[in-house]
Amino acid sequence: DRGKRSEGAELLAVVLVGFLVKMLAGRYSLSENGIILSGYDDYYHMRRILYTVHHFPGTLWFDSYLNSPYGLGITWPPLFDQLSAALSVVLGQHTQSGIEMVSAFAPVIFGCIAIIVVYYMVRELCDRKVALLAAFMTVLAPYYLLYTLFGATDHHCLEVLLQLASLLFMIYAFSRSEKRYLFAVLSGLAMAALAYTWQGA
């Protein structure tokens with residue numbers, strides 16, 4: 001009806017715009033020979049993802065290819081790599097090209113979820129219109145777009161998402177007293193997941 005607005009449709013439209021922007025921005029990662037990654041961190045994450053898919057849920061904690069000829073113990077947390085590997089396993093991808101394609105989509109997925117988290121966080125603090133604007137600004141944020149575009153297989157996309165999720169649940173814990181402890185626990189779990197994603201958390 002004229003004058004009525006659907007909150008779900010508005011948010012879905014913003015997320016869809018975000019998805020398209022991330023795919024268009026990362027279109028140069030696609031080539032006739034497969035995925036081309038943009039940075040050396042991305043390539044190492046992909047190596048770890050490939051290893052994790054073939055040894056799921058185990059991941060690479062010592063790499064003989066680093067610090068030759070001695071090898072090197074891997075100290076950085078593996079949650080991004082394990083989630084990307086899990087997505088490949090769930091979708092039945094076990095070939096290198098299949099795993100690379102699924103993993104190239106993972107940052108886009110995390111980035112789109114972050115748009116939704118920002119929306120609900122700002123809606124709790126302000127109102128629906130401000131939340132919609134904040135979600136749209138999240139789509140356009142240049143630095144976050146850089147880490148959530150197609151083919152950006154680095155942990156930063158997940159790191160930001162978990163930080164935002166922790167803040168969302170913390171805000172809910174303060175504003176919704178009937179479920180305060182539930183939201184406090186969820187905030188703590190998001191923080192723990194962040195620590196398992198990024199060494200500097």
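# A walk through a predicted helical model

In this predicted model, where a disulfide would need two cysteine sulfur atoms within 2.5 Å, the count of disulfides comes to zero. Cysteine 157 illustrates the point, since the nearest cysteine sulfur, that of cysteine 112, is 11 Å away and cysteine 157 is in no disulfide. Cysteine 157 is nevertheless buried, with a relative accessible area of 0%, whereas cysteine 126 is partly exposed at 48%.

The interior is a good place to continue. In soluble globular proteins, nonpolar side chains tend to be buried together. Here the largest nonpolar core has 45 residues, and those with the most contacts inside it are Phe110, Leu158 and Leu161. Two or more residues of this core come from each of the helices α1 (7-25), α2 (40-54), α3 (79-90), α4 (96-125), α5 (128-140), α7 and α8 (180-195), and α4 gives the most, with 13 residues. Leucine 158, if residues up to four places away in sequence are set aside, touches Leu79, Phe80, Leu83, Phe110 and Thr197.

Tyrosine 144, in helix α6, is buried at 10% relative accessibility. Beyond its neighbours within four places in sequence, tyrosine 144 is in contact with Phe110, Gly111, Ala114, Thr138, His156, Cys157, Val160 and Leu161, a list that includes two of the residues with the most contacts inside the core, Phe110 and Leu161. The C-alpha atoms of tyrosine 144 and glycine 111 are 8.1 Å apart in space, although the two residues are separated by 33 residues in sequence.

Polar and charged residues are buried as well. Serine 88, which is found in helix α3, counts as buried at 0% relative accessibility, and its contacts, not counting residues up to four places away in sequence, are Val53, Gln93, Ile99, Val102 and Ser103. Glutamate 159 lies in helix α7, which covers residues 156-175. Glutamate 159 is buried yet has no salt bridge, for the nearest side chain of opposite charge, that of arginine 48, is 13 Å away. Instead, outside the residues up to four places away in sequence, glutamate 159 touches Leu194, Thr197 and Trp198.

Helix α1 can be followed from end to end. Its 19 residues reach 27 Å from the first C-alpha to the last, close to the 27 Å expected at 1.5 Å a residue. The buried residues of α1 are Glu10, Leu11, Val14, Val15, Gly18, Lys22 and Met23. An α-helix has 3.6 residues a turn, so residues three or four places apart point the same way. The cover over the buried residues of α1 includes α4, α5 and α6 (142-148).

Side chains of opposite charge can pair when their charged atoms come close, and the structure holds five salt bridges. In one of them arginine 128 pairs with glutamate 10, the closest N and O atoms being 3.9 Å apart; this pair links distant parts of the chain, with arginine 128 in helix α5 and glutamate 10 in helix α1, 118 residues apart. Arginine 128 is partly exposed at 29% relative accessibility, while glutamate 10 counts as buried at 17%. Another salt bridge joins aspartate 63 to arginine 47, with the closest N and O atoms 2.7 Å apart. Aspartate 63 lies in strand β3 and arginine 47 in helix α2, so this salt bridge ties together parts that are 16 residues apart in sequence. Aspartate 63 is buried, with 0% relative accessibility, and arginine 47 is partly exposed at 27%. Arginine 176 and glutamate 124 also meet through their side chains in a salt bridge, at 2.8 Å from N to O. Because arginine 176 lies in the loop between α7 and α8 and glutamate 124 in helix α4, the pair ties together parts that are 52 residues apart in sequence.

The backbone deserves a last look. Most residues other than glycine have a negative phi, and most peptide bonds are trans. Against that background, a cis peptide bond joins phenylalanine 56 and proline 57, with omega about 0°, and proline 57 is found in the loop between α2 and β3 (62-63). A cis peptide bond also joins serine 68 and proline 69, with omega about 5°, and proline 69 has its place in the loop between β3 and β4 (72-73). Asparagine 67, likewise found in the loop between β3 and β4, has a positive phi of about 55° although it is not a glycine, and asparagine 67 counts as partly exposed at 46% relative accessibility.

Technical notes. Residues numbered from 1 in each chain as written. Predicted model: local features only at pLDDT ≥ 70, side-chain atom pairs only at ≥ 80, totals over all residues. Heavy atoms only, no water. Buried < 20%, exposed > 50% of the residue type's maximum accessible area, 1.4 Å probe, protein only. Helix = DSSP H or I, 4+ residues; strand = E, 2+ residues; numbered from the N terminus. Lys, Arg positive; Asp, Glu negative; His and termini not counted. Salt bridge = Lys/Arg side-chain N within 4 Å of Asp/Glu carboxyl O. Contact = heavy atoms within 4.5 Å. Core = buried A, V, L, I, M, F, W, Y, C linked by side-chain atoms within 4.5 Å. Expected span 1.5 Å × (residues − 1).
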